[in-house]
Each structure stands twice: as C-alpha cells, then as structure tokens.
Amino acid sequence: MAIPTEPIGSIPRPPQLLQAITSFHAGKIAPDVLDNAYNEALCDTIDRLVQTGSPILTDGEQTKPSFATYPLSGLQNLAADGVVIPFVDGHQRQLPRLTSGPFRYGAHAESYLKMARAYTQRPIKQAVISASALSLLYPQNGIPGYSREAFISALIDEAEADIRGALDAGAASVQIDFTEGRLSVKLDPSGGLLRNFVELNNQVLSRFSADERRKIGVHVCPGGDHDSTHSADVDYADFLPDLFKMNVGRFYLQMASEPDKKRVLRLVSQLTSPEHLVFIGVIDPINPVVETAAQVRDRVLEAASFLPVEQLGTTDDCGFAPFADDTSTTREIAFSKIQARVEGTELAARELGF
C-alpha cells in the first residue's frame, strides 16, 4: 500500500475482560485469572487486526487501565482528587493528584509492546502518554519538600525513558497522545497553556536524534470517551499552528469528524514541512455508522488535493475506547471501521496511480 495507514490505539475490551477486571477488584478472582483474561483479549485483538488487513498493528491498549494513566500503575503517592476533565455530555474524568515526591513511572510502554510481540512478528506501533498530560498531576498549591521544578525534571526523564524504551524494544513508531492540547485552548484561550505544553513536550523530544524523531509522532483529537468530546468546540485553527511546533516527524490528526475539512486541510498544508508525515483521520470512532471503503477513499482523495501524497497517511480520529470502561462502541464496529479504513486507503492509492 503506497499510502500508509495506522490505527490510533485503543480497541474496546471484550466483555469477558471487563468482567474479569471487575471481579478482580472485588476480590473474587486471583491475579493469574485476570492475567489470562488480559492475554486472551490481547491475542484476539491482534488476530482481528491482522484480519482487517492493517499493515501496522497495536495492542489495542487491552491491558492498560487507560491511555493516560498506565504510568501510574502501582504508585502509592497519589490521591484521587486531581484535575477534572469535563465532557460535553456532562460526564467527567478525573486525574489523580501527586501527594509527595519523588515522581517515577510505575509502568513503561515497552512492557505493553513486549506483551504484544509474543503474539505477532508484524510491525507494532506503540502509544505513550505525553509529558504535558502527566504534568497535570502536580497540584497548583505545590507539594511541601518537592518543588514543581524537581517534578518536571523527573517527568522529562521518565517521558524520555518511556519513548526510548519502546523504540529500543522495536516499535515501528511511537505515538505521543496529546489530546489535552486542544482542550488547553478551551481552558486558556490566550494560548499560553498550549505553548507551555508544547515546550514541555519539546524538552523531551530534544533528547532524541533526528532519525529517532522521524519514528515519533503526536496524536491530537478533541477527546473521545463514551461517544462524547471535551473540546470539539475549539477552533482547530487556534490550535494547529502551535501543534506543528512539536518536534516530531509524524502528525496524527482528527479530521473525519471535523465539520469544515477543506478549511482545516488548507491550514495543515501551510504548516506541514517536507520532513513531516501527516496521518489524516478518515474514520470517526464516535459515529456508530460504519464508513464504507468508498467514503474513506473520497476522504483520502480530498486530503490528497491539499497535501503531497508522499507525505500523506490515514488513521482513525481517536482511539475507540481510550478508557477501559468505555463500552459505547462494540469491538465488531471498531474492527469493521478499521477494515474500511484499510480498504478505502488502498482504493484511493490506486486512483492516485500507486
């Protein structure tokens, strides 16, 4: 396939796994039973991704509690009353709050990659959470004896180790999830918070070589949880210019759900540099209607009218279940949408002469 296509990451967990997680936390099953449920879900996810024809696989984040909180697994210096993220349908997600130092990751992304590698030798993409998202763990009123400066220094070290570990473990690419980026403009319309986020992430990225950064990308969307978003009302044009200052080689951009695609694609074409590979979202995970391959083809051709084909890829707007308990989309719909993306991208490539 001349036009690359990749999933964003999360796939809805099977009901058997969700039940096992609930039973484990209720003390009804042993850890090994839960591990078996995780392994079965992971194996099934990889098998079904292969069946869609996807040239790049992911672990579907089957063993992560969420795309954002996996590094916090097992940490004891956290409280539950952290930053609240409101969604437009009224539901909320809440991050933990760091209560004391030092800050360390409890789990690194390479562990998920190694688990997936046990089931396939095909190329695997690994998603990681951004340093900017985890910076929200530090409370505004500070932590006695542990300064914000010390926290940020440790965070940058850990975020680097997270990406580097995945690259060293053989990831085909590493995707930094930056869904708080568009939300930051809603929280601070001046753009100051967004610029701080980009600067922090660039401090991490500065530790990688140019060749390494070509395999590192950033994913953005207005959130996607229980079929709701947190920042779709933020004008993309107020966000994208700062986003493209991120020192990465790949951009994974939500686009299928964007109401004025041509306007946004025109702006993206002005911001894209020759070294960038831009993956345009052609699948809307929130919409329960499965796109046809022809619809995907048309979205790819539209994007190709603005962007050089050699710099164009396709993806999904967002993960299908970034949080483990999100059952708003079925696995069947998710895999059908992924297959439509793969087939539609191939149709577009043929029409473009590849």
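Q: Why are strands E8 and E9 said to pair in this predicted model?
A: Two strands pair if at least two bridges are found between them. Strand E8 (residues 250-253) is joined to E9 by 4 bridges, so the two strands count as paired. They run parallel.

Q: Which residue of E9 is the bridge partner of Arg250?
A: The partner of Arg250 is Leu277.

Q: What makes the connection from E8 to E9 a right-handed crossover?
A: The chain passes from E8 through helix H10 (residues 261-271) to E9. A crossover is right-handed if, with the strands pointing away from the viewer, the path from the first strand over the helix to the second runs clockwise. This β-α-β crossover is right-handed, so its path over H10 runs clockwise in that view.

Q: How do you know that E9 and E10 pair?
A: The requirement is at least two bridges. E9 and strand E10 (residues 312-316) have 5 bridges, so they meet the requirement. Their pairing is in the parallel sense, and Val278 stands opposite Leu312 in E10. From E9 the chain crosses through helix H11 (residues 293-304) to E10, again as a right-handed β-α-β crossover.

Q: Why is strand E9 called mostly covered?
A: A residue is buried if its relative accessible area is under 20%. In E9 (residues 277-283), 7 of 7 residues are buried; therefore each of these residues falls under 20%.

Q: What makes a residue part of the lining of the largest pocket, and how many residues line it?
A: A lining residue has an atom within 4 Å of a point of the pocket. The largest pocket has 26 such residues, and Ser135, Leu136, Arg148, Leu193 and Phe197 lie nearest its centre. Among the elements that give two or more residues to this lining are helix H5 (148-168) and helix H7 (192-205). H7 supplies the largest share, 6 residues. The space in this pocket is about 570 Å³.

Q: Why do Leu193 and Phe197 count as nonpolar, and Arg148 as charged?
A: Leu and Phe belong to the nonpolar class and Arg to the charged class, so the three residues are assigned accordingly. The whole lining of the largest pocket divides into 15 nonpolar, 6 polar and 5 charged residues.

Q: What is the volume of the second largest pocket, and which residues lie nearest its centre?
A: Its volume is about 480 Å³. Ser66, Phe67, Ala68, Leu95 and Phe323 lie nearest the centre, within a lining of 34 residues. By class, this lining has 16 nonpolar, 13 polar and 5 charged residues.

Note on methods: Residues are numbered from 1 along each chain as its sequence is written. This is a predicted model: local features need pLDDT of at least 70, side-chain atom pairs count only at pLDDT 80 or more; totals for chains, interfaces and linings use all residues. Side-chain values use heavy atoms; hydrogens and water are left out. On a 1 Å grid over the protein atoms alone, a cavity is a set of points where a 1.4 Å probe fits but cannot get out, and a pocket is an open set with protein on both sides within 12 Å along at least five of seven lines; lining residues have an atom within 4 Å of a point. Grid points are joined across faces, edges and corners, and a volume is the space filled by probe spheres set on the points. Buried means under 20% relative accessible area, exposed over 50%, partly exposed in between (1.4 Å probe, protein chains only).
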